[in-house]
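Got your viewer open? Load the model shown here, get your selection tool ready, and we'll walk through it stop by stop.

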Amino acid sequence: MYNDLLKTFSAQSEKYFSPLVQFNQLVAKNIEQLAQIQLEAAQSYTKTSIEQLKTASEVKDVKSFIDFNVSQLSALNALSQQMIADGQKLTQLGQEFKDTLETINKDAMKAAQV
């Protein structure tokens, strides 16, 4: 009798907490991926900035100044491309989060109706 009661309680608890566990796992995964994107972006932006500082410190005459300005335009172009790519990564991450959350919600609703 008590075994049946415990089994029923255990099954109901698992049914109730399963969506919460899935949600927590999804949030943890998303935070990890977001942190990775941010670290990669920070590393890339820092590398570009340091390279430009080094190039600026080598300006000694008009020709090197012109070369520096050309490298600035190139760096800005690369930076804008990187920002676009980072934005796309964040958009994809958000869409995946939304889709998975909807799936968890649908599964929880189906389980609750049974």
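Start with a word you'll meet at every stop: helices are DSSP runs of H or I with at least four residues, strands are runs of E with at least two, and both are numbered from the N terminus. Keep in mind that this is a predicted model, where local features need pLDDT of at least 70, side-chain atom pairs count only at pLDDT 80 or more, and totals for chains, interfaces and linings use all residues. Residues are numbered from 1 along each chain as its sequence is written, and side-chain values use heavy atoms, with hydrogens and water left out.

**Stop one: N30**

Select N30, which sits in helix α1. Is N30 buried or exposed? With a relative accessible area of 17%, N30 is buried; the cut-offs are under 20% for buried, over 50% for exposed, and partly exposed in between, using a 1.4 Å probe and protein chains only. Now show its contacts, meaning heavy atoms within 4.5 Å. Leaving aside residues up to four places away in sequence, N30 touches L93 and F97.

**Stop two: the length of α2**

Select residues 62-113, which is helix α2. The expected span of a helix is 1.5 Å times one less than its number of residues. For the 52 residues of α2 that should come to 76 Å, and the end C-alpha atoms are 76 Å apart, so the two agree. Next, color the buried residues of α2: S64, F68, S71, A75, D86, L93 and I104. You've already met L93 as a contact of N30.

**Stop three: L90 and S80**

Stay in helix α2 and pick L90. At a relative accessible area of 39%, L90 is partly exposed. Which residues does L90 touch, not counting those up to four places away in sequence? They are L34 and I37. Try drawing a distance from L90 to Q38 as well: the C-alpha atoms are 9.7 Å apart, though the two residues are 52 apart in sequence.

Then move to S80, also found in helix α2. S80 is partly exposed, with a relative accessible area of 30%. Draw another C-alpha to C-alpha line, this time from S80 to T55, and you should get 19 Å for a pair 25 residues apart in sequence.

**Stop four: salt bridges**

How many salt bridges does a search of the whole structure find? There are four, each one a side-chain nitrogen of Lys or Arg within 4 Å of a carboxyl oxygen of Asp or Glu.

Select K89 and E40, where the closest N and O atoms are 3.7 Å apart. K89 lies in helix α2 and E40 in helix α1, so this pair ties together parts that are 49 residues apart in sequence. K89 is partly exposed at 34% relative accessibility, and E40 is partly exposed too, at 35%.

Now try K63 and D67, a salt bridge with its closest N and O atoms 3.1 Å apart. K63 and D67 are four residues apart in helix α2, so about one helical turn separates them. Here's some background: an α-helix has 3.6 residues a turn, so residues three or four places apart point the same way. K63 counts as exposed at 58%, while D67 is partly exposed at 39%.

For another pair, select K98 and E102, whose side chains meet in a salt bridge at 3.1 Å, N to O. Both lie in helix α2, four residues apart, or about one turn of the helix. Add D99 to the selection, and you have a network of K98, D99 and E102, joined by salt bridges that share partners.

**Stop five: the largest pocket**

Select K15, Y16, S18, P19, Q22, I104, D107, A108, A111 and A112, the lining of the largest pocket. The elements giving two or more residues to that lining are α1 (2-57) and α2. A pocket here is an open set of points on a 1 Å grid over the protein atoms alone, where a 1.4 Å probe fits, with protein on both sides within 12 Å along at least five of seven lines; lining residues have an atom within 4 Å of a point.

Finish on A112, in helix α2. A112 counts as exposed, at 61% relative accessibility. One last distance: A112 and L101 are eleven residues apart in sequence and 16 Å apart, C-alpha to C-alpha.
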